[in-house]
Amino acid sequence: MSPKKDVWQGTLALMVLKTLEGLGPLHGYGIARRIEQTSGAQLVVNYGTLYPALLKLEQEGYIASEWGQSDNNRKAKFYKLTRAGRKQLAKEAKEWEQTTSILDRFLSPGEEHS
Amino acid sequence: MRTLRGWLTRITGLFRKDRRDRDLDAEMQTHLALHIEDNLRAGMSPQQARREALMKLGGLEQTKQLYRHRRGLPMLEVFFQDLAFALRTLRKNPGFTIIAILTLALGIGANTAIFSLVNGVLLRPLPFAYPDRLVAATTYYPKGPFVVMRDRSRSMEFAANSDATELNLTSIDTPVRLSGSSVSANWFSVLGSRPEFGRIFRDGEDQPGKDTVVILSHSLWQHRFAADSNIVGRSIQLEGENRLVVGVMPPEFRFPSPKTELWVPLRLDPRDIGDYWGSSYMPIIARLRPGATIEQARQELAALRPQILAAYAWRMPDDSFIKSSVIPMHEALVGDVRAKLIILLGAVGLLLLIACANVANLLLARATIREKEIALRTALGAGRWRIVRQLITESLLLAVLGAALGLSVAFYGLSALKATLPADTPRLADVAVDARVLIFAALLAVFTGLLFGAMPAIGASRVDLTKALKTGGEKSAASRTHGLSRGLIVGEVAIAAVLVIGAGLLVKSLWNLSNTNPGFHKDYILTARITPNESFCAEQGRCQSFYRDLLERVRALPGVKEAAAVNGLPLSGAWETIPADIEAYTIAPGAHVPMLMERIVTPDYLRIMQIPLLQGRSFTEADAAPSSQRVALLSKSTVERYWPGQDPIGKHFKPRWLKEWWTVVGVVGDVREDNLTRNVPDWIDGEMYTPFGPHSIAGRGPEAAPAEMTLLLRTSDDDHLGLGAELQSVVAELHRDVPVSQVATLSGWISEVVAGPRSTASIFSLFAALALALGAVGIYGVISYSVAQRTREIGIRMALGARRQEVLLLILRQSAVLAFAGIALGLISALFLTRLMATLLYGVGASDPATYFGVAVLLAAVALAATYLPARRATRVDPVVALRHD
């Protein structure tokens, strides 16, 4: 259970960073909604797990938070990507691509060996 | 790197929790509000919208909790919570807290004080450069062998120092006797010590003619020379000779002894055969050269031995110095006191165990009171481990508070220890509470807290909820912990028994030592050291007439019945050794040459000291005349050794390096010269007495008597105080420049000799007394508590007709069982443990039955006394009240 949880936390962080890159500064609820939409509701994520993940990213300096006004003038905490976050996003995205392409070659039916 | 930043940020998350919690609340509220709006827009009813939003969040409280865990350091926060709770609990029970803290302060403080001693004397490295490269020889050597070793050793750089050299400082108003050391020219550089000002001795300064230099100690420079900044380059007059001051050592350099006030070079003069090869035996130190090991050094010393023997001015037996080896210098310095300090450390450790047992018992008693509280917390969801952690935090807090108070106990205790231990204990002056000692105290506090806290905590946390939450639940806890409590008491009593037995054996030893017959009579004798310059006696007969006049005038003083002089008092550690050839005694091949110690005395000495004359005659004034025959007296064991069964009167012996023979004219009783348990040291074979005059052997030069003597006065009564000053003036009248020093009564000297065993016995006895007191308090506590628990039962018994007597006996029997079990266990343990202190005992076996029996009786009495009050309280129980008590 535990290693899966770590992987899950890692991917969640990556999704958050990517979302913030694409959409700019966003509040917690908005990030949660967007992740749900983008992943096609396959990851029925408990929205509550997002907040500790956001905090971790903030503690590590990849995102920064600021209180601001939402669309309907509600006071909300907005998160935005920092420069370090951008670099980390690029790095992790590249790692994921490499991992998936290697696995892809393993897992696709052996076309070379036919 | 990022994770580090993450951790550091989490530490800041420990602070300003209120504000952060408010922020978190606000963020959560906004999240829910936004979600609910969306839901409403999607068509749900308000209740549905809210419920769906909460479910999708995954629970508000859980989310907040997860967030908080990520924000701070949960483990640390829980610990602080436990700590705050523990502090509150302790404050609410001041009585318990105070007793526990005082008990722990005593135990931890005493241990810290003794550990400071062990650290300062045994553990700390010597204050020299690369001290683990310094070694020392296990036997003393005279100057000649030292020079051979110095010149030829490849693995070591040898240096030597005299044990103590005493010199007169003249050229100031009152001549003063200073304690110093003669050292080889390379001695300071072998140690690697640097002077505060000036320089150390150079090579070659220990040759005659080049050795008129001196180095001062820091305290001498301050006290006698007023910290004169121009002291280097000035001359001072020592023993009538001018010496140039070339350096001053720093204040922390106190070697070879704290009493050393100055250093002069050794005089290495091969022409003075007696001194060079025969009589000045010195301790030898060395520094291992780079790359050499101590094993190589040992082998080399063995290889040098035949070369040393070959260099001797006369033939030495083949096995001379054969037992000599090389040991680390640290070992040589502190080896003697190591056993004693370790034993004290063991004893104080046992005391701490008793303190822990007492505090554990206190905790056990409290645990039953708190059972309801613990049951409640368990019912509310606290895991068992959480409760145990909480209780252990309390114990640790107690231990830390006890240790903090214990530090002041340690400071005072250490000063008291330093004052009690004999002043010649090596390195004693530098013992202090330093960083290592503080770390030890901290670790000891943690260890102690866990020791006395663990079991009560684990026991208390095991709670049967239903029983505990009902009324009358105290009984269940009480019965559970009762067994543990009793076990602790038995253990305490056993340990106390061991300590009291140890103390008893030491005290008995001390008594035996103090009352051994030293071979002479010590009462009513005043002694003083008279030390004219050595050059004084160069002129023939001058010393003799000086002392003759002195003795005459001193006899005329009021209160003085008799007076005499001797070259050194028994047990003073000062003696001359003469390698001798003994008539009609052939040295067995390979055996060592007979070494005799020489006491140079005036005729009245033997009578004043009441040393019995067993055969022949004693000395008279005539024996001191230059024209008389060379005569000597030998001690009984000496004649028995070399002329067994023969008449010693008229036999002869001579010093190896001289041609003349001495004649034995009398035999006297043995005297304890070395220490109270031994006549002469291992490496000396006998004792001789020679008359003060031209025919004494170890005088300076072949025809001169020694210059420095100890004066003895037998007085008619105890009033000695005035005589010291009168003695000074008598001497000053005779000669201006002669210092009088070490004025003391002979019995005072003798009691100095037992200072070591006396200090051990008193410190150990203190621990034993404390152990007894703590044990008594422990028994009192446990029995009181038990009586309180059994109030109902006692009430029932009395209601059913039991008399006060029976109740009393009931309680006493309960205590008696514990006490006897403890005493029995203690006596058996003592049989094994006291064997470890056998080296400290004299005249007493480690299983001395009288002591064991006495201690058993004492402990039984103490246990009885401690039980008496609670037992009496039990008899006062009013059955009516008791039966209502629940």
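Here is an informal run of questions and answers on this predicted model. Local features need pLDDT of at least 70 and side-chain atom pairs count only at pLDDT 80 or more, while totals for chains, interfaces and linings use all residues. Residues are numbered from 1 along each chain as its sequence is written, and chains are lettered from A and ligands numbered from 1 in the order in which they are written.

Me: Which helix of chain B gives the largest share of the side that touches chain A?
Reply: Contact here means C-beta atoms, placed from the backbone, within 7 Å. The contact takes 23 residues from chain B and 19 residues from chain A. Elements giving two or more residues on the chain B side are helix 1 (2-12), helix 2 (17-42), helix 3 (46-57) and helix 4 (60-71) of chain B, where helices (H or I, at least four residues) and strands (E, at least two) are DSSP runs numbered from the N terminus. The largest share, seven residues, comes from helix 2 of chain B.

Me: How many charged residues does the side of chain B that touches chain A have?
Reply: The classes go like this: Ala, Val, Leu, Ile, Met, Phe, Trp, Tyr, Cys and Pro count as nonpolar, Asp, Glu, Lys and Arg as charged, and the others, Gly among them, as polar. By that scheme the chain B side has six nonpolar and 10 polar residues, and its charged residues number seven.

Me: Which strands stand at the edges of the open sheet of four strands in chain B?
Reply: Strands pair if DSSP finds at least two bridges between them. The sheet has the order 2-10-1-11 with antiparallel pairing, and its twist averages 35° from one strand to the next. Each edge strand has a single partner strand, so one side of each is left without a neighbour in the sheet; these are strand 2 (156-160) and strand 11 (326-328) of chain B.

Me: What is the bridge partner of B:Ala136 in strand 10 of chain B?
Reply: Three bridges join strand 1 (residues 134-137) to strand 10 (residues 284-288) of chain B, running antiparallel. In that part of the sheet B:Leu134 stands opposite B:Arg287, and the partner of B:Ala136 is B:Ile285.

Me: Which residue of strand 10 of chain B does B:Ala160 stand opposite?
Reply: Strand 2 and strand 10 of chain B pair in the antiparallel sense over five bridges. Within strand 10 of chain B, the residue opposite B:Ala160 is B:Ile284.

Me: How many residues of strand 10 of chain B are buried?
Reply: Buried means 20 or more other C-beta atoms within 10 Å of a residue's own, exposed means 12 or fewer, and partly exposed is in between, with C-beta atoms placed from the backbone. B:Ile284, B:Ala286 and B:Leu288 point one way and B:Ile285 and B:Arg287 the other way, and all are buried. The strand is mostly covered, with the buried count at five of its five residues.

Me: Which helix of chain B packs on the sheet?
Reply: The helix in question touches strand 1, strand 2, strand 10 and strand 11 of chain B, and its direction makes about 155° with that of strand 11. Axes are lines fitted to C-alpha atoms, for helices over the stretch in contact, and angles run from 0 to 180 degrees between N-to-C directions. The helix is helix 11 (residues 294-311) of chain B.

Me: Which element gives the largest share of the side of domain 3 of chain B that touches domain 5 of chain B?
Reply: Domain bounds come from an automatic or database domain assignment, which gives, among them, domain 3 (131-333) and domain 5 (532-738) of chain B. Their C-alpha centres lie 28 Å apart, and 17 residues of domain 3 are in contact with 16 residues of domain 5. Strand 3 (165-170) and helix 10 (273-279) of chain B each supply at least two residues of the domain 3 side. The largest share, four residues, comes from helix 10 of chain B.

Me: Which helix of chain B gives the most to the largest nonpolar core?
Reply: A nonpolar core is a set of buried Ala, Val, Leu, Ile, Met, Phe, Trp, Tyr and Cys residues joined through C-beta atoms within 7 Å. The largest has 169 residues, and those with the most contacts inside it include B:Leu351 and B:Ala496. With 20 residues, the element giving the most is helix 12 (residues 329-369) of chain B.

How values were computed: Two residues are in contact if their C-beta atoms, placed from the backbone, lie within 7 Å.
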